[in-house]
Amino acid sequence: MAPGAKLLWEPRTPGARGPKPVLSVDRIVAVATEVADAEGLAAVSMQRVADELGFTKMSLYRHVPGKADLVAVMTDRAFGEPVELADGDWRTQLREWCRLMYAALERHPWLLDSSLCPRVWGPFELGWVERALVALEGTGLTGGERLDAVATLSGHLRAIAEQARNSATPEADFARTLGALMAEHAERFPSMAAAMAEAADGGQDNALDFGLDRILDGLAVLIESRRTR
């Protein structure tokens, strides 16, 4: 069975009456998530989580088979339970979807690493994909195109979130790094110098919305072409 599959997909068995166990999957995942939020996914290990909880590592294995299973559950829960998107056309709904997904990446930057690990997808993560696919129903796009649209949007969000993980203002930092070079070598790179000068007037760090609008514009053209056939 793939890592995390049982913990993610098999329904939990209600416990017997009486005191709840001191250690549980929920508590283990919560502490592991706190470690990842503070120090990154590389800091998460069964031993580290056991130390934080004040238990032995072997105690954790009674609830979570291993780190791969733990990361799979952490990832699904970090995305959170999908919410119903606001009423509106496909574009309005996809824009909201992107904002919500990007917010999850901002809250938990380690998702950029964990979501690339070989793992089984959980119900929350798949639920978010389902929301986006539902938004595209009735547009005339094929199933494969709808999936590709979601993948393209997700890739854009990941790229911008990766930049933000390293810098809160990546474009401004880029401009500062190259500013001195452009001042000295503007004649050799006139287009870059001109673009950077214009960007300095309020056009920086807008790549998330710019890229999102361009992707949605492209989808709109494709959808319209299907309707006019």
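**View 1. What covers the buried residues of helix H3 in this predicted model.** Helix H2, helix H4 (57–61) and helix H5 (67–79) are among the elements lying over the buried residues of H3. Those buried residues, in a helix that spans residues 46–53, are Met46, Val49, Ala50 and Leu53. Looking down the axis of H3, you will find them within an arc of 100 degrees, so they line one face of the helix. Just past the helix comes Gly54, with a positive phi near 80 degrees.

**View 2. Thr33 in helix H2 and its contacts.** Here we turn to H2, which covers residues 25–39 and includes Thr33. The relative accessible area of Thr33 is 14%, and because buried means under 20%, Thr33 counts as buried. Leaving aside residues up to four places away in sequence, Thr33 touches Met74, His108 and Trp110.

**View 3. The largest nonpolar core.** This core has 58 residues. Which members touch the most others? They are Val44, Val49, Leu70, Met74, Leu94 and Trp97. The biggest contribution to the core comes from helix H6 (residues 90–107), which supplies 8 residues. Two names will be familiar from the earlier views: Val49 is one of the buried residues of H3, and Met74 is a contact of Thr33.

**View 4. Around Trp97.** Let us finish with the neighbours of this tryptophan. Once residues up to four places away in sequence are set aside, Trp97 is in contact with Leu85, Trp128, Arg131 and Ala132, as well as Val150, Leu153, Ser154 and Leu157. Trp97 is also listed among the core members that touch the most other members.

Conventions: Residues are numbered from 1 along each chain as its sequence is written. This is a predicted model: local features need pLDDT of at least 70, side-chain atom pairs count only at pLDDT 80 or more; totals for chains, interfaces and linings use all residues. Side-chain values use heavy atoms; hydrogens and water are left out. A nonpolar core is a set of buried Ala, Val, Leu, Ile, Met, Phe, Trp, Tyr and Cys residues joined through side-chain atoms within 4.5 Å. Buried means under 20% relative accessible area, exposed over 50%, partly exposed in between (1.4 Å probe, protein chains only). Helices (H or I, at least four residues) and strands (E, at least two) are DSSP runs, numbered from the N terminus. Contact means heavy atoms within 4.5 Å. The arc is that of the directions from the helix axis to the C-beta atoms.
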